[in-house]
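Please consider the following model strand by strand, beginning with how its strands pair and then turning to the side chains that connect them.

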Amino acid sequence: MSATGRWNATAKTPMGEQRSTFELKQNGTQITGMMTSPDSAQIYEGSAKGNELSWKVDIKTPLSLKIKVTATIDADTMKGKAKAGMFPASEFTAERSQG
């Protein structure tokens with residue numbers, strides 16, 4: 001199952017609910033793309049194994065943090081955790097955009 005597409009995500013973080021968009025491209029086991037929340041940041045060290053995904057992204061807003069993401073996909077639904085710096089991991093869900 002490919003992770004390629006635009007994903008609209010909502011995370012429950014210590015700073016409240018945070019919305020973001022992932023533009024993912026899967027090529028074999030490699031995941032690349034961008035995350036927007038509200039600034040854009042390049043996804044790196046992305047990988048896929050079956051329906052399990054992982055990647056990293058560095059954000060600047062609202063704080064400068066490195067985020068490590070792990071997720072599983074099931075058709076057009078993604079569930080996972082995002083670990084931002086010293087903060088505890090936050091759960092998120094995402095839906096693949098059909099447009």
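**Strand pairing and side-chain contacts**

E2 and E3 pair in the antiparallel sense over seven bridges; two strands are taken to pair if DSSP finds at least two bridges between them. The model is predicted, so that local features need pLDDT of at least 70 and side-chain atom pairs count only at pLDDT 80 or more, while totals for chains, interfaces and linings use all residues. Residues are numbered from 1 along each chain as its sequence is written, and side-chain values use heavy atoms, with hydrogens and water left out. Helices (H or I, at least four residues) and strands (E, at least two) are DSSP runs, numbered from the N terminus.

Within this pairing, the bridge partner of glutamate 23 in E3 is methionine 34. The hairpin of E2 and E3 has two residues between the strands, and glycine 28 there takes a positive phi near 65°. E3 (residues 30–36) continues into a further pairing: with strand E4 (residues 40–49) it is antiparallel over six bridges. Threonine 36 stands opposite serine 40 in E4, and three residues lie between E3 and E4 in the hairpin that they form.

In a regular strand the side chains alternate between the two faces of the sheet. Along E3, Ile31, Gly33 and Met35 point to one face and are buried, whereas Gln30, Thr32, Met34 and Thr36 point to the other and are not. Buried here means under 20% relative accessible area, exposed over 50%, and partly exposed in between (1.4 Å probe, protein chains only).

Ile31 is also one of the residues that glutamine 26 touches. Glutamine 26 is placed in strand E2 (residues 16–27) and is buried, at a relative accessible area of 19%. Not counting residues up to four places away in sequence, its contacts (heavy atoms within 4.5 Å) are Met1, Ser2, Ala3, Thr4, Ile31 and Ala48. A polar atom of the glutamine 26 side chain lies 2.7 Å from the backbone nitrogen of alanine 3.

Strand E2 also contributes to an aromatic cluster formed by Phe22, Trp55 and Phe92. Rings of Phe, Tyr and Trp (its six-membered ring) pair if their centres lie within 6.5 Å; planes under 30 degrees apart count as stacked, over 60 as edge-to-face and the rest as tilted. By this rule there are two aromatic pairs. The rings of phenylalanine 22 and tryptophan 55 have centres 5.1 Å apart and planes at 75°, so this pair is edge-to-face. Because phenylalanine 22 lies in E2 and tryptophan 55 in strand E5 (residues 52–59), the pair ties together parts that are 33 residues apart in sequence. Tryptophan 55 is buried, with a relative accessible area of 2%, and phenylalanine 22 is buried at 4%. The rings of phenylalanine 22 and phenylalanine 92 are likewise edge-to-face, because their centres are 5.8 Å apart and their planes at 80°.

Charged side chains provide further links, and the whole structure holds four salt bridges (a side-chain nitrogen of Lys or Arg within 4 Å of a carboxyl oxygen of Asp or Glu). One of them joins glutamate 23 to arginine 6 at 2.4 Å, N to O, linking E2 with strand E1 (residues 5–13) across 17 residues. Glutamate 23 is partly exposed at 33%, as is arginine 6 at 38%. Another salt bridge joins lysine 56 and glutamate 45 at 2.9 Å, N to O.

Technical notes
Polar contact = N/O pair within 3.5 Å; in protein donor to acceptor, adjacent residues only side chain to side chain.
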